[in-house]
Amino acid sequence: MTALPETTQRQLGLVIDLDTCVGCHACVISCKGWNTENYGAPLSDQDPYGADPSGTFLNRVHSYEVQPPDGAAQLVHFPKSCLHCHDAPCVTVCPTGASYKRTEDGIVLVNESDCIGCGLCAWACPYGARELDLAAGVMKKCTLCIDRIYNENLPEEDRVPACVRTCPAGARHFGDLGDPDSDVSKLVVERGGMDLMPEQGTRPVNKYLPPRLKDQIGTAPAAPMPDVTDQPGGFLGWLDKALEKL
Amino acid sequence: MRARQPAVETSPKVSDEVRQTTCYMCACRCGINVHLKDGKVAYIEGNRDHPVNKGVLCAKGSAGIMQHNAPSRLRAPLKRVGPRGSGEFEEISWDEALDVAVGWLKPIRETDPSKLAFFTGRDQSQSFTSFWAQNFGTPNYAAHGGFCSVNMATAGIYTMGGAFWEFGQPDWDRTKLFMLFGVAEDHDSNPIKMGIGRLKANGGRMIGVNPIRTGYNAVADDWVGITPGTDGLFILSLIHVLMQSGRIDLDYLARYTNAPVLLNCDPKSKMYGMFLRNAEGKPQVIDRATGKPAPFDKRGITPDLSGTLREAGITHKPVFHQMAEHFLSPDHAPEAVADRCGVPADRIRAIAAELARVAFDEAFELDIEWTDFRGETHAKMIGRPVSFHAMRGISAHANGFQTCRALHVLQILLGTVEVPGGFRFKPPYPKPIEAHPTPHCGASPNRPLDGPHLGFVRGPQDLALKPDGSPARIDKAFTWENPLSAHGLMHMVISNAHAGDPYKIDTLFLYMANMAWNSSMNTRGVIDMLTDTDDDGNYVIPHIIYSDAYSSETVAYADLILPDTTYLERHDCISLLDRPICEADAAADAIRWPVVEPDRDVRGFQSVLVDLANRMKLQGFTKDDGTAKYADYADYITRHERKPGIGPLAGWRLPAEGSGVGGSSSEAHAEGRGSPNPDQLKHYIENGGFWSQHIPEQAQYYKPWNTAYQDWAVSLGLFDSPQPYLFQLYLEPLRRFQIAAEGHGQRQPPDHLRDRIRTTMDPLPVWYDTTPPEQEAYPVHALTQRPMAMYHSWGTQNAWLRQLHGRNPLYVPTNLMRQHGLQDGDWARVTSPHGEIIVPVMEMAALNDNTVWSWNAIGKRKGAWALEPDAPEATRGFLLNHLIHELLPPRGDGLRWANSDPITGQAAWFDLKVRIEKAPDQTESQPAFEPLASPVGTGPKTLTWKVGK
């Protein structure tokens, strides 16, 4: 129903390092704060002090346990927001043209004045990255902080998404993934960055860097440590010789 | 359809104004930019220039806006009108509130100041609150360290002049292997996250030792899911392997530690186990160059780790010989400890090998010349890129002090403390015991206490005992039961006051400590103590004053509430006299200031204390002519001098006359030492709320022994003279207590404590099992952790944060789920020797096989924190506190032993053992408490918090 651009001049997006994300939710709340105060309707909260608090978040962190065939179970923290897909099904499904992908930078946005809150886009998104704001009745999603990244009222170093600026572990990187020479593209190559659910055919711009191999100490037989007590004079004998060498 | 791209405003105005202050959403104390629109808080982000967080900010910090507007904020002083615990109050004026407070406090001060117990919880103004308490004259003051991490702080300070967190941190830029023990997720929280990020970016690796694999442990390259309470055994085994293989830094040990100091080794001598000292009292070593004894700090000597000395018929051997005998004992071999630790022996050996490989095989050099305290100049600084961090996880056990000691000794054996790539102190640390006060408890009517309350005992002579040998303090700190209780024992105050043991008090005055809920062991029992009455119907604890900004559970149990401001409405100073925000390469302190004014009838607690002091004319707050010295806390921060030239804030002081600092008085500034500057706070505000001064390059490492650092510290006012010292691998103060327990000396412990003192207060690190043998019926360890996005009980009132952590099931390992036929959402009965709870469970695989756990302080009492009574925190949330008693179960010896570390009194929260079984489905977690009446009502049904137009 709504068409996607053939190409975009840039492909702005996030590279999220799953090896480093400690699951602290800093990005979640920084996003909530910025986007409550800025682009479009505030991110509302229903029953915020009651039995079933539920609010709009553009970015959430999920945690999954992983049980390798050998070795201890692991926990992976998995931040998730809109991946600004090349073939964004949320855009093509939009009946009013409110959802669109920008030609200049590839950001997928919702024009809230045209959004009728039908929810088709949220249904179409395989990642669950869109949330209908119950107070405003419009669809909310990650804007990549479009009102920060070009904002001339911010110092240049702050022209990054709020989640990237705040991430204490430095697990979130922002840049042009369409430019093979960008820092983020190089990072993706270096660390084997991955698409989320590539089988969905959405061609996400955002990439995830996989966790490094874990629990490696002691898996390979190491050279045995010497036993300095197993010699004439024992430990003190060794000590005297070692002190001579200092 | 191809949508026409709408125009998007990409450069909207961000805010009208940015005001920079210090976060208080946890103890990390990051710098924040508070964006204001129309005078209201619109957005909070990290301050890029700030030494702590360098721009980043955690979830708590960013959610500060929701704390500042929380419906749980108290609105006016309250006077209790219903019975204690009912939550029935009436609002009163500040004049009336202060009159009531003075009406209780003044007569106490005029008769017996020890009838006041003043304890502060998450207090970030301890140098001020202690000053107030000292001037009031009560010996009964402490903050919450006794139930937090005093084992770590004390073990670190006694061993090496500082520990982790505000005392020091890994050399994040240069470390290659980082080993983290236990939980540490809300202390130094952003620096640790930043550090882990940098470590990984630099290709470094991380080992996590924790029964639970969450948070930092989830990103650790290697996870050691250790059995709780056995960390000390594991560390001693690592030390064993390192010594056995000779993979230790002998040069470092000889130069910078007491390993070469000579010990009296004659068991028949009265000085057995004590250092050989010269006439000036300096510990003696043997100089390898001459083979003769010399004081440890003599210029030009090379201390010998191996030489022995026979003097006056007594054999003296270096501490290192004793260490070898102690640590090489087969008791510490990996095979001997593996089962108890739950870590295979091969893995212990492999980890030891990896520590040694990185420390020694990846050693590097910095071309920075430095001169040590013996006058030797070194052309280079040697880096050993292994670093450690630990906090409460290994502290909160009854063997925690010795475990923390063992960890510090491990670092020192590897030569990784205060070297590039290792652990680095943050000013004003390193600071040896000798630079700390001893405890003081001399109280008399109408007079200040005879010195600072808290300190570091050197031996039995420093205990806080009355002439009859009974405890001088209500919490029994610094007694034979817990001699080194440097932070006091806040968790014992209410039960001791209720029992009248060691004496009764009149007024309990608490600040920011939720003692009627999650901050007490035995919550139900504490509630009963707070509401208990005597035969005449009077409360056993006659008066309770409480100050907090929020409607916590404890509010309901106080007689008088002094409502505090939020952190954005107040003055504070994060002072070098206290627990400052320094980094390893810079001294720094900071302020808070009212970036917005309160819209309620509330006052900053510290200003209220100044007001109370003025009304009672406390000495330190009163001029010679009887008028008040300070108008309020801001005035105190600016003008107070702890000693001439040294005040709460080090930045922008005024140079002394003739100091050589040029310029007019409004422009010239002194740092550290200088006169009070009436414009000081203005300068802080202009600088973003903080001050910092970098440590010169040649003074950056080897700080305890580095002449350049020592001179810099003196110039800044951290010390009055250089304080070089040796790391104390062997802790002589502990030996003094053992000697007393062996029957020598004037001050003698009670007989029932002699054995315990002898075994636990070993001058070299030891491990002992904290599980009483009679507790076989409780085989499972039970722990709590703090979510990174929550700080104690505070997060739940925050509309955004409670959506992250609104529930706290009991996490149960897969094997125990199977064993007990449990599935997610089932309910389990969890029983300890003290009580039982029935709670929802959830399976977790990345967990020690014999450990259950839950998030700390999510469970809430109905009616508190302005939550609806059916909030999940109040229905399905729970506290493990109900299972933990401040005393251990009776052992049939007629005594009740404290559930605390026998050396420091640290609350042994993590020694809890339980049994679990499947329980019928419940509608609410048990025990369920009756609701409190809320003095503030509940919050709105919908939030759309946009302050801008």
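User: Which residue is the bridge partner of B:Lys37 in E3(B)?

Analyst: B:Lys37 is bridged to B:Lys40 in this predicted model. That bridge belongs to the contact between strand E2 (residues 31-37) of chain B and E3(B), which run antiparallel.

User: What makes E2 and E3(B) count as paired strands?

Analyst: A pair needs at least two bridges between the strands. Here 6 bridges join E2 to E3(B), so by that cut-off they are paired.

User: Why are strands E1 and E3 of chain B said to stand at the edges?

Analyst: In chain B, 3 strands form an open sheet in the order E1-E2-E3, with antiparallel pairing. E1 (17-22) and E3 (40-46) each have a single partner strand, so one side of each lacks a neighbour in the sheet. The twist from one strand to the next averages 30°.

User: How do you know that strand E2 (residues 45-46) of chain A and strand E35 (residues 942-943) of chain B pair?

Analyst: There are 2 bridges between them, in the antiparallel sense. Because the cut-off is at least two bridges, that is enough for a pair. A:Asp45 stands opposite B:Leu943 in E35(B).

User: How many residues of chain B are in contact with chain A?

Analyst: 88 residues of chain B are in contact with 77 residues of chain A. The chain B side divides into 45 nonpolar, 23 polar and 20 charged residues.

User: Now to the helices. Why are H15(B) and H16(B) called oblique to each other?

Analyst: Their axes cross at roughly 45° and come within 10 Å. Roughly parallel would need an angle under 35 degrees, and roughly perpendicular would need 65 to 115. The value of roughly 45° fits neither class, so the two helices are oblique. H15(B) passes H16(B) in a left-handed crossing.

User: Which residues meet there, in H15(B) and H16(B)?

Analyst: B:Ile494, B:Ser495 and B:His498 in H15(B) meet B:Val526, B:Met529 and B:Leu530 in H16(B). By class, this contact has 4 nonpolar, 2 polar and no charged residues.

User: And the domains: how many residues of domain 1 of chain B are in contact with domain 2 of chain B?

Analyst: Chain B is divided into domain 1 (78-151 + 434-563) and domain 2 (773-919). Domain 1 has 29 residues in contact with 26 residues of domain 2. Helices H5 (150-160), H15 (490-499) and H16 (523-531) of chain B each supply at least two residues of the domain 1 side. The largest share, 3 residues, comes from H15(B). By class, that side has 11 nonpolar, 14 polar and 4 charged residues.

Methods. Residues numbered from 1 in each chain as written. Chains lettered and ligands numbered in written order. Predicted model: local features only at pLDDT ≥ 70, side-chain atom pairs only at ≥ 80, totals over all residues. Helix = DSSP H or I, 4+ residues; strand = E, 2+ residues; numbered from the N terminus. Axes fitted to C-alpha atoms, helices over the stretch in contact; angles between N-to-C directions. Domains from an automatic or database assignment. Contact = placed C-beta atoms within 7 Å. Nonpolar A, V, L, I, M, F, W, Y, C, P; charged D, E, K, R; others polar. Parallel < 35°, antiparallel > 145°, perpendicular 65-115°, else oblique. Left-handed = near helix turned anticlockwise from the far one by under 90°.
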